[in-house]
Number of protein chains: 2
Amino acid sequence: MTAIDATKMSPAEWELMRIIWTKNGASSSEVIKLMQQKRTWTESTIKTLLRRLVNKKILKTVKDGRKFIYHPTVGEKEAMNENVTELFDHLCNMKKGKIVIELLSKLELSRSDIKELQKILERKSKTAPEMVKCDCLPAGMKNECC
Amino acid sequence: MTAIDATKMSPAEWELMRIIWTKNGASSSEVIKLMQQKRTWTESTIKTLLRRLVNKKILKTVKDGRKFIYHPTVGEKEAMNENVTELFDHLCNMKKGKIVIELLSKLELSRSDIKELQKILERKSKTAPEMVKCDCLPAGMKNECC
DNA sequence: TATTTTCGTCTACAGTTGTAACCATAAATG
DNA sequence: CATTTATGGTTACAACTGTAGACGAAAATA
């Protein structure tokens, strides 16, 4: 597989990526200018982060005269999904539900997203188990944790 | 505030914590034994992780004869929430909805969790905006990204 | 008691991350 | 032309992580 592991972005790198994703490619000076409106990083810092993203093959460069244009090689949505999935993979199964509840209640959602979520829940409720088991201890351990 | 920053746990440390949370306190030998059923870490590695968690004050020790019992100083749910919240804080506002949709559809949920989620959505749908705006570029930039 | 096991502590070491200075060269400007 | 500016490249360095060996004291066992 050629899949790039988006979970390998550090938080600082992630912030840069958001700008590049949104602009769908940008030169270092653009990124620097925009980034410095959000954070107090120096030019140097931002250039280092760009370079690291290129090394990780999360960005690719296209020469444009004397400068480079940085292009994402990973989609924003895919990257976000990978991250969220990865995080949830490491949480206690039993408690994921509660976590999503907490998350959802804080989130600002559009009408259409809400509709879609309702549809999914509707569908899920047909086969939902009474309870989901904890998986924090190694398999085979009969633990009804928590 | 005395709040301990649970987002400061590394992934490896997090794995240990799950065991300790579930058992609600454990000695190093217990943790080592359990952990080694999931990962191939050596005793030494696990001891290092325990020590680091103590240094970060995420675990506290209580002497029990010659050994220590390690107790969590942070609740599992709080820690999980902090993590999830932190991750979502760094995502594009506009796309959070889609991400939750994706997440929810993969998740195994209990009947009661589903009910609760439905209630929340019901409530939210009363005041939900038609659309949520992207916030990837610095404030003040009129970007209709994406 | 001599030996082995159990625990805790100290040390190590390479890789990642946040943060940044400095240098060279090409381009723009005075 | 001399100087300033823009851009990319190189180097640095401390903190944090994953991973683990070695040392020492106490306890259990042969």
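**View 1. B:Val62 has B:Ile69 as its bridge partner in strand 3 of chain B.** This close-up, like the others, comes from a predicted model, where local features need pLDDT of at least 70, side-chain atom pairs count only at pLDDT 80 or more, and totals for chains, interfaces and linings use all residues. Residues are numbered from 1 along each chain as its sequence is written, while chains are lettered from A and ligands numbered from 1 in the order in which they are written. Strand 2 (residues 59–64) and strand 3 (residues 67–72) of chain B run antiparallel, joined by six bridges; strands count as paired if DSSP finds at least two bridges between them. Helices (H or I, at least four residues) and strands (E, at least two) are DSSP runs, numbered from the N terminus. Two residues sit between these strands of chain B in a hairpin, and B:Gly65 in the turn has a positive phi of about 70°.

**View 2. Chain A has its own hairpin, made by strand 2 and strand 3 of chain A.** Here A:Val62 stands opposite A:Ile69 of strand 3. Six bridges hook up the antiparallel strands, residues 59–64 and residues 67–72 of chain A. The turn includes A:Gly65, with a positive phi of about 70°.

**View 3. Chain B lands on chain A after a rotation of 180° with 0.0 Å of shift along the axis.** The RMSD is 0.1 Å, from a least-squares fit on the C-alpha atoms of residues with pLDDT of at least 70 in both copies. So the two copies are related as by a two-fold rotation axis. In chain B, the residue closest to that axis is B:Gln118, its C-alpha at 3.4 Å.

**View 4. The contact takes 57 residues from chain B and 57 residues from chain A.** Residues are in contact if their C-beta atoms, placed from the backbone, lie within 7 Å. On the chain B side, helix 1 (11–23), helix 4 (76–89), helix 5 (93–106) and helix 6 (111–125) each chip in two or more residues. Helix 5 of chain B gives the most, with 11 residues.

**View 5. B:Ile20 is among the residues with the most contacts inside the largest nonpolar core.** Leaving aside residues up to four places away in sequence, B:Ile20 touches B:Gly25, B:Ala26, B:Val31, B:Leu59, B:Tyr70 and B:Pro72.

Notes. Contact = placed C-beta atoms within 7 Å. Core = buried A, V, L, I, M, F, W, Y, C linked by C-beta atoms within 7 Å. Buried ≥ 20, exposed ≤ 12 C-beta atoms within 10 Å, placed from the backbone.
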